[in-house]
Structures are given as structure tokens and as C-alpha cells.
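Me: I would like to go through this structure with you. Please show it, and then we can begin.

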There are 2 protein chains.
Amino acid sequence: VAFSSGNHAQAVALAARELGIGATIVMPDDAPQSKLDATRGYGARVVIYSRSTGAGPSREELARRIVDETGAILVPPFDDPAVIAGQGTLAMELLEEIPELDLLVTPCGGGGLLSGCCLAATAMCPGIRLWGVEPEAGDDMRQSFALGEPVSIPVPKTIADSLQTTRPGNRTLAIIRALAQGIVTVSDEELVTAVRFAAERLKVVVEPGGAAALAAVLSGKLPLAAGERVGVVLSGGNVDLKRLGEWLSNRGG
Amino acid sequence: VAFSSGNHAQAVALAARELGIGATIVMPDDAPQSKLDATRGYGARVVIYSRSTGAGPSREELARRIVDETGAILVPPFDDPAVIAGQGTLAMELLEEIPELDLLVTPCGGGGLLSGCCLAATAMCPGIRLWGVEPEAGDDMRQSFALGEPVSIPVPKTIADSLQTTRPGNRTLAIIRALAQGIVTVSDEELVTAVRFAAERLKVVVEPGGAAALAAVLSGKLPLAAGERVGVVLSGGNVDLKRLGEWLSNRGG
């Protein structure tokens, strides 16, 4: 069993199918239809919780019940050593191809991707500077990074559905504080601009949350010197075509 | 100097800039704005001819005048041995990565890409079956393939602006007749379905003409046996975001 707004959900569902075992995914009621469809398409059972109103049991509670009832193993979306290590393989593969980077920037929700990339990149490329990027409305990691302990916020209103976390993980925060330079935030408008740039110039479909690092670079939010080499992680392309079409059609989002 | 609806235009403009020489591109008045902008963005001078009304000199005449006046070298979009060989490197790279293909399918306008891929693929992978795909409205290659000599058609009305050729090349037709299995056609609606599929499942932005081979596979136009391995060439992603957005938003195109 896992809980996730969609990308981790699909990853767990696909991994379970490849291994020939069942998977149950706890997903929010306001997840994009494309993510719900894709998760079910990989053969997983989907259990819905109410993120939009906050009524009913939380996703953690629902997942715990399923574990108790069925004996399933919980695969948390970010605050887990194996998940962090797995997400860090992204930075490993990137640095195997392009060994000399001055900066590596990733989207940041609960911090699994960023903390994994921090561990891998620091080991392979000492001196590399690491930054995470959150939506302005959901800056729980930025606040927690500054304070030194996890800060909880209400469910943020942002188009970056994959970054709507309300609290960083304990493990991810500790790793990120130790190894990253900091966290910057981007507006929904800057996310849409990045989604459009990715489609127009990179020919790649990215969802708003997956484009957060690109948005930070494009909008000049990161301290960069001329000639520096920047690795930018695009971390998800699961977006409803109808909404994507609207973002692409309407200049300015 | 070159003439092209846009993709060859950008390739020549970029190559000229890399070599530090000037380029003049003759482009149709109804080319997508994104292709005009991109070609100028690579530093080329753009001369417009009237494709939509057919008034004024043809693109071949305009290009010949520029050659006469300036001494520039003409780089035709398809019916040229070096251009055919260059486009064939695509099949070479594909078969270096994936040596065992039963079928290779490419979009077909003037036939440069298809004939180049025919030469490279047949040399590297004897027995591979090659197919070209045209828009229904612009089946000059299909007709010419059947007749055995180049057939001219009026400028076809199709959303596949990169495949609006009116006559195959002499060289490309001869190579394709010798080495390809045949040509199939797809409707504009099937092209839009393929553009949508590429965005939703492959996370790739493809223009309608560039998605012709994918459209033929998705719509079952090709003779395929179960388990056969098919190489599908996506050959362009230069599309106005506004139009792309409309295709993605409106189910059914």
C-alpha cells in the first residue's frame, strides 16, 4: 500500500505489477483524472481520501488501516530511506552522463527527490550546489529549512498538484538541511511559463510540479554566475490533456 | 539558400550559423508562425512566397533567382543525394541502438526522409520492411509509387504543414519504389489523435506531419503480425502552442 497524489502512486503500481503482487494506493479526491486513470491502468486498487475538504480520515490513517487489515507493506512517498535512495539514482544517472555540474536543481514536495539527489550528487560531485524549488503557496520545506524543524502548513492551493505536501519528512529535512544550499519558491504563473517553455523549446510534456526547477531557473530565482552549468530535473509529465491544452493556448496561463 | 515549409529551413539556418555563413530561406506565407520565428531566430533571412494562393513566383523560381543574384548554394529540402543521405542517418542511429526491427515507418512529404531511411535500413538490416505515411489529402507519393513516375497534385489541404508537398522528387521516388513496401495515408483526425497520444503517453510534443507514422500504426493502417517490432519515426515538433493547445483540449480534434 502507498499514498501519493499520483506519480509515486503510478511508480508503486507499476513496480507491483512487474513483481506480480497487488498494490493499493491511497489518492486524494482532487488528483488529476489522468493520474487516477493511469494508476488504475497499472492494475492497482485506488482508495480515495478527502484532501480538498479535509473531512474523513487522513491518507496516513487510511494507509495504516489497510496495512493492519491486509498485512500489506507501506511504501511512503518520500520519508523513507529506500525511497530516498531510489530517487537519488536520478542524480547518479545524470552525473554519469554529465559529470561536471555546478548546480543541480530539483522540484521539492516532501523532499524525497531533493534529499536523494543531495546524497548522490554530493558523493559523486563534491562542491556541487543543490537547490530545491517549491510552489509559493506551499513552502513548508522552505519554512522548515529556515527553522530547523518540520513546519506544517494547510493544503496549499497551487496548480502543482504533485507538490501539495503539508509537511516535509523528518529524514528528508535533515538530509536537505545538511547538504542543500536552500529552497526557493515559484508562482503558479511561473510554473505555467515553464510548462509552455518545455513544450515549445524542449518538445517535452511536463506537469506544473515537475517543471518547478525549470521555472526557478527561467525566472532568475537562483544565484547563478555566467557560464555555470546547471542540471535541471523535470520530474513528472502526468497532466490532463485538457488542462495542458488550456495552459498552452492561453498566453500568460 | 533553401526552400522549406519549416523543418528543413531551421536545419539549414542552424547549420549555416554554426559554420559562420549566411542563409536565405524561401518559406510559404502560410507556414506556422513558430517555424518562421525559429528560422529567423537562427539568424537566417526569410523570403516569403505565396503557397496559399499560388500567385507570384514559385519557391523554386525564387530560390533560383537568389542563387543567380548572390552565388549562394541551393540546399533542396529532399531531392538531393546529400540531403537524402543525411536524413538516412536517423535510421542508422535508430538501428545502432535497436538492431532488430521488422518494420520501420516514417512520415513522407517529398520523400527525403523515407528514401534515406530506406537506404540506411536496408543496408544495416536486410529484410526490414519500410513504409511511408502521407496525409490523405496529399498522397502524391502514394499515386507516384503506384504509377511509377512522379505525379503532381494541387497543394493539399491538411494540418500536416510539413507534408504539403505537391510532387515527389525523382531521386526519392526511384529509391522508395526500389526499397519500400508502399505508402499508406492517414486523415487529419488520425494525425490529431497521434499528436494527443504522443503528448499523453510519450510526453513528447510532435507536430501533425511529424506524427504521421505514429498515426498509421495507431489506426491499424499497416500490415503487422503479432509480436513484430516496429520502429516509428517522429520527425518534427515545430507547432504553434496555441494550435497544439486546441488539439489537446478538444477531444476528437
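Me: Which residues is Thr24(B) in contact with, leaving aside its neighbours within four places in sequence?

Reply: Thr24(B) is in contact with Val1(B), Ala2(B), Arg45(B), Val47(B) and Ile66(B), apart from its neighbours within four places in sequence. Contact means heavy atoms within 4.5 Å.

Me: What conventions apply here?

Reply: This is a predicted model, in which local features need pLDDT of at least 70, side-chain atom pairs count only at pLDDT 80 or more, and totals for chains, interfaces and linings use all residues. Residues are numbered from 1 along each chain as its sequence is written, chains are lettered from A and ligands numbered from 1 in the order in which they are written, and side-chain values use heavy atoms, with hydrogens and water left out.

Me: Where does Thr24(B) lie, and is Thr24(B) buried or exposed?

Reply: Thr24(B) belongs to strand 2 (residues 24–28) of chain B. Its relative accessibility is 12%, so Thr24(B) counts as buried. Buried means under 20% relative accessible area, exposed over 50% and partly exposed in between, with a 1.4 Å probe and protein chains only. Helices (H or I, at least four residues) and strands (E, at least two) are DSSP runs, numbered from the N terminus.

Me: On to the helices. At what angle do helix 8 and helix 10 of chain A pack?

Reply: Helix 8 (residues 188–202) and helix 10 (residues 241–249) of chain A pack at about 90°, and their axes are 9 Å apart. The two helices of chain A are therefore roughly perpendicular to each other. Angles under 35 degrees count as roughly parallel, over 145 as roughly antiparallel, 65 to 115 as roughly perpendicular and the rest as oblique. Axes are lines fitted to C-alpha atoms, for helices over the stretch in contact, and angles run from 0 to 180 degrees between N-to-C directions.

Me: Which residues make that contact?

Reply: Helix 8 of chain A contributes Val192(A), Val195(A), Arg196(A) and Ala199(A), while helix 10 of chain A contributes Leu244(A), Trp247(A), Leu248(A) and Ser249(A).

Me: And in chain B, which residues of helix 10 are buried?

Reply: Leu241(B), Leu244(B), Gly245(B), Trp247(B), Leu248(B) and Ser249(B) are buried there. The buried residues of helix 10 of chain B pack against helix 8 and helix 10 of chain A, together with helix 8 (188–202) of chain B.

Me: How are the two chains related?

Reply: A turn of 180° and a shift of 0.0 Å along the axis lay chain B on chain A with an RMSD of 0.0 Å. The two copies are thus related as by a two-fold rotation axis. Copies are superposed by least squares on the C-alpha atoms of residues with pLDDT of at least 70 in both. Of the residues of chain B, Gly245(B) comes closest to the rotation axis, at 1.8 Å (C-alpha).

Me: Changing topic, how many salt bridges are there over all chains?

Reply: The count is 16 salt bridges over all chains. A salt bridge is a side-chain nitrogen of Lys or Arg within 4 Å of a carboxyl oxygen of Asp or Glu. One of them joins Glu190(A) and Lys221(A), at 2.7 Å from N to O. Glu190(A) is in helix 8 of chain A and Lys221(A) in the loop between helix 9 (212–218) and strand 7 (230–232) of chain A, 31 residues apart.

Me: What about Glu246(B) and Lys242(B)?

Reply: Glu246(B) and Lys242(B) form a salt bridge, with the closest N and O atoms 3.7 Å apart. Both lie in helix 10 of chain B, four residues apart, about one turn of the helix.
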